[in-house]
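Here's a small set of exercises to work through with the model open beside you. Try each task before you read its solution.

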Amino acid sequence: MDMNEQNGRPRILMCPPAFFGIEYEINPWMDRRRSNDHERAIEQWTTLKTLLESLGATICCLDPVPGLPDMVFTANAALIFRNQAILARFCHRQRQGEEQHFRDWFERHGFELLELPRDCFFEGAGDALFGGGTLFAGYRIRSIVSGHRRIAERLGCRVLSLELVDPHFYHLDTCFCPLNERAAVFYPPAFDSYARRALSATIEDLIPVSDAEARRFACNAVVLSKTVITNEGCPALHRELRSRGFRTCETPLSEFLKAGGSAKCLTLRLDGEDAAAWRSDRIASAPSCDESQQSSTGADSNVISTRVC
Ligand code: ARG
C-alpha cells in the first residue's frame with residue numbers, strides 16, 4: 001500500500017524538540033546568551049504539528065538525539081525527489097552528526113539514497129526548493145554551487161542557482177517560498193542582483209516581503225495546497241496571499257526564531273511540495289512513513305543501494 005495515494009494526504013517529517021537548544025552560534029540569529037524556553041518550544045512545536053494535522057497532513061516523527069539541538073529542523077535532512085532522498089552534507093561540524101540519523105531514517109523508510117561527496121556542502125530542502133519544473137537552489141552561505149550541478153545531472157531537472165548575500169537569510173527557505181507552479185514569495189535583499197533578475201524572469205507572480213516581515217521569517221512558510229502557514233506577525237504577506245485566493249494561518253514560533261528557523265525549517269515534505277511539477281507526473285511514488293509497513297529487518301525491500309551523486 002502506498003500512503004501517497006491514500007487520500008492524497010501530504011506527508012511531513014518532523015523531529016520533536018526534546019533536545020532543542022541554542023548551544024552554539026552558526027547563524028546571526030543564534031546567541032547562546034538568549035537561550036530558548038524549553039517548555040514553550042515544545043508547546044509551539046506541538047501546536048504547529050496539530051495545525052498541520054488539522055489541515056490533513058500525516059506527520060512522521062523522527063527520534064530526537066541528545067547533543068544534536070538543531071535536528072528539529074528536518075527541512076535540512078535531505079532534498080526529496082520522488083522516492084529519492086538527496087542527503088544533506090552539513091557545512092558546520094556542529095550539525096554533521098545529524099547526517100547519519102537522517103540517513104538511517106530514510107533508509108529504513110524505503111527511500112533511495114543519493115549522497116554527495118563529503119566536502120560538497122548541501123543543506124537539503126533548506127537550500128533547494130522545487131517551483132514548477134525548476135529546482136531553485138541557494139548557495140554561498142551553506143550549500144556550494146558545484147553540488148547543484150551534480151544534483152541537476154542526477155535528477156535530470158533544471159536547476160537555477162541563486163546566490164544568497166545576507167547572512168541572516170543563510171538558507172534559501174528563509175527568503176524564498178514557491179506557492180505553486182507560477183507564484184512564489186521572496187525577500188529581494190537576500191539575493192544578489194543576478195539571482196533577483198533570474199527569479200523575476202522565471203516566476204510569473206513573485207511576491208516581495210518587507211524587511212520587518214522577512215525578519216519574522218514570513219518566507220519560511222509551509223504550503224499545503226491553498227493554505228499557507230507562517231510564524232505570527234506577517235499581516236502584510238497574509239493580506240497579499242488572501243487577495244490571491246490563499247488561506248493563511250499563523251502560529252507562534254518565537255523559540256525557533258532564536259535558532260534561525262521557523263515553520264518551514266521544522267518540516268520536510270516527504271511526498272514533494274505542492275509547487276513541484278514532478279508531483280503531477282510522478283512515475284514512482286515516495287515510500288510510506290508508516291513503521292508498521294517496514295520489513296522486520298528494518299529495511300524496506302524497495303531500498304536501492306546508496307549512490308553517489
Ligand atoms: N540553527 C539551524 C542552522 O543554523 C537552523 C536551521 C534552519 N533551517 C532551515 N531550513 N532554514 O543550521
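**Getting your bearings**

The chain has 8 helices and 16 strands, and the model is a predicted one. Of its 309 residues, 46% are buried. Among contacts with a separation of 6 or more, 69% are between residues 24 or more positions apart.

**Exercise 1: a sheet with E7 in it**

Task: Work out the strand order of the open sheet that contains E7, and say which strands are at its edges.

Solution. Start with the order, which is E6-E7-E8, with mixed pairing. Next, look for strands that pair on one side only: these are E6 (128-131) and E8. Then check the twist, which averages 25° from one strand to the next.

Now zoom in on E7 and E8 (residues 158-163): this pair is parallel and has 6 bridges. Two positions help you line up the strands. Gly 138 sits opposite Leu 162 in E8, and Tyr 139 has Glu 163 of E8 as its bridge partner.

**Exercise 2: the helices over that sheet**

Task: Find what handedness the unit made by E7, H4 and E8 has, then find the angle at which H4 runs to E8.

Solution. Follow the chain from E7 through H4 to E8, and you trace a right-handed β-α-β unit. H4 lies across both E7 and E8, and its direction is at about 170° to E8. There's another helix to look at here: H5 (residues 193-202) also lies across E7 and E8, running at about 140° to E8.

**Exercise 3: the sheet with E1**

Task: Give the order of the open sheet that includes E1, and name its edge strands.

Solution. This sheet has 3 strands in the order E2-E1-E15, and the pairing is mixed. E2 (58-61) and E15 (268-269) are the edge strands, since each pairs on one side only. For the pairing sense, take E1 (residues 11-14) with E15: they run antiparallel, with 2 bridges. Leu 13 is the residue to click on, as it stands opposite Leu 268 in E15.

**Exercise 4: two unusual backbones**

Task: Look up phi for Arg 82 and for Arg 140, place each residue in its loop, and decide whether each is buried, partly exposed or exposed.

Solution. First, what to expect: most residues other than glycine have a negative phi.

- Arg 82 goes against that with a positive phi near 50°. Arg 82 is in the loop between E3 (78-81) and E4 (84-87). Count the neighbours: 21 other C-beta atoms lie within 10 Å, so Arg 82 is buried, the cut-off being 20 or more.
- Arg 140 also has a positive phi, near 105°. Its loop runs between E7 (134-139) and H4 (145-155), so you've already passed Arg 140 on the path of Exercise 2. With 16 other C-beta atoms within 10 Å, Arg 140 comes out as partly exposed, because that class falls between the cut-offs of 12 or fewer for exposed and 20 or more for buried.

**Exercise 5: around the ligand**

Task: Say how many residues surround the ligand, and how the shell divides into nonpolar, polar and charged.

Solution. Begin with the count: 16 residues surround the ligand. The closest are Ala 75, Gly 126, His 171, Gly 261 and Cys 265. Then sort the shell by type, and you get 6 nonpolar, 7 polar and 3 charged residues. If your own tally differs, check where you put glycine, which counts as polar here.

Definitions and conventions. Residues numbered from 1 in each chain as written. Predicted model: local features only at pLDDT ≥ 70, side-chain atom pairs only at ≥ 80, totals over all residues. Near = placed C-beta within 6 Å. Helix = DSSP H or I, 4+ residues; strand = E, 2+ residues; numbered from the N terminus. Pairing = 2+ DSSP bridges. Right-handed = clockwise from strand over helix to strand, strands pointing away. Axes fitted to C-alpha atoms, helices over the stretch in contact; angles between N-to-C directions. Contact = placed C-beta atoms within 7 Å.
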